[in-house]
Amino acid sequence: SKSGADPKIEISAFDCKGKPETIVLKNADDNPHDMTGWEIVDEGVKHTFGFPNGFTLDSGMSVKIVSGTLGNDTGSILYWKKQLVWNNTGDAATLLDSAGSIIQTMNCP
């Protein structure tokens with residue numbers, strides 16, 4: 001049985017064809033979660049997004065990670081890189097926790 005200590009962080013949306021591209025993570029847990037050390041990688045690990053140190057995702061809240069344009073990070077939007085990251089066909093986003101364990105993989109819809 002699961003101990004409930006596992007953070008309920010999930011990929012709730014993934015737009016790999018837009019300009020800019022976006023991926024949304026939601027904290028479905030009752031507690032805020034420190035995302036320090038968590039990463040999102042693409043298939044083949046050509047691109048890696050690392051969450052800023054001390055970034056906390058509050059209970060019930062979402063954060064959007066944007067690639068393909070630059071901007072100023074806020075509590076709800078983080079900017080990855082200016083160039084597009086996701087292949088429009090066959091790419092997959094994988095969410096890794098701070099220990100490098102796979103939390104979730106979502107294929108490009």
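**Figure 1. A ring cluster built from F14, F49, F51, F55, W80 and W86.** Ring pairs link these six side chains together; two Phe, Tyr or Trp rings (for Trp, the six-membered ring) count as a pair when their centres lie within 6.5 Å. This is a predicted model, so bear in mind that local features need pLDDT of at least 70 and side-chain atom pairs count only at pLDDT 80 or more, while totals for chains, interfaces and linings use all residues. Residues are numbered from 1 along each chain as its sequence is written, and side-chain values use heavy atoms, with hydrogens and water left out. In total, the structure holds five aromatic pairs.

**Figure 2. Two of the ring pairs, F14 with W86 and F51 with F55.** A pair of aromatic rings is described by the distance of the centres and the angle of the planes. Planes under 30 degrees apart are called stacked, those over 60 edge-to-face, and the rest tilted. F14 and W86 meet edge-to-face, with 4.8 Å from centre to centre and 75 degrees between the planes. F14 sits in strand 1 and W86 in the loop between strand 8 and strand 9, so this pair ties together parts that are 72 residues apart in sequence. Both F14 and W86 are buried, meaning under 20% relative accessible area (over 50% would be exposed, and in between is partly exposed; 1.4 Å probe, protein chains only). F51 and F55 make a tilted pair: 6.0 Å centre to centre and 35 degrees between the planes. F51 and F55 are buried too.

**Figure 3. A look around W86, in the loop between strand 8 and strand 9.** The relative accessible area of W86 is 4%, so this residue counts as buried. Leaving aside neighbours within four places in sequence, W86 is in contact with a list of residues that includes F14, C16, I40, D42, W80 and A93; contact here means heavy atoms within 4.5 Å. One of those partners, D42, is 44 residues from W86 in sequence but 7.0 Å away in space, C-alpha to C-alpha.

**Figure 4. The largest nonpolar core, with 22 residues.** To belong to such a core, a residue has to be a buried Ala, Val, Leu, Ile, Met, Phe, Trp, Tyr or Cys, joined to the others through side-chain atoms within 4.5 Å. L25, I40, F51, I65 and W86 have the most contacts inside this core. Strand 1 (9-15), strand 2 (21-27), strand 7 (62-67) and strand 9 (92-96) each give two or more residues to it. Strand 1 provides the largest share, three residues. Strands are DSSP runs of E with at least two residues, numbered from the N terminus.

**Figure 5. An open sheet of four strands, in the order 1-2-7-8.** Strands pair if DSSP finds at least two bridges between them, and in this sheet the pairing is mixed. Strand 1 and strand 8 (77-79) stand at the edges with a single partner strand each, so one side of each is left without a neighbour in the sheet. From one strand to the next, the twist averages 20 degrees, going by lines fitted to C-alpha atoms and angles that run from 0 to 180 degrees between N-to-C directions. Strands 1 and 2 run antiparallel, joined by six bridges, and a hairpin of five residues connects them. E10 has K26 in strand 2 as its bridge partner. Strand 2 also pairs with strand 7 in the antiparallel sense, over six bridges, and L25 is matched there with V63 in strand 7. Strand 7 and strand 8 run parallel with three bridges between them, and K64 stands opposite I77 in strand 8. Strand 2 is mostly covered, with six of its seven residues buried.

**Figure 6. I11 in strand 1 and its surroundings.** With a relative accessible area of 6%, I11 is buried. Not counting residues up to four places away in sequence, I11 touches I23, V24, L25, A93, L95, Q104 and M106.

**Figure 7. The disulfide between C16 and C108.** Their sulfur atoms are 1.8 Å apart, where the rule for a disulfide asks for cysteine sulfurs within 2.5 Å. By this rule the count is one. The link is right-handed, with 60 degrees about the S-S bond. C16 lies in the loop between strand 1 and strand 2 and C108 in the segment after strand 10 (102-107), so the pair ties together parts 92 residues apart in sequence. Both cysteines, C16 and C108, are buried.
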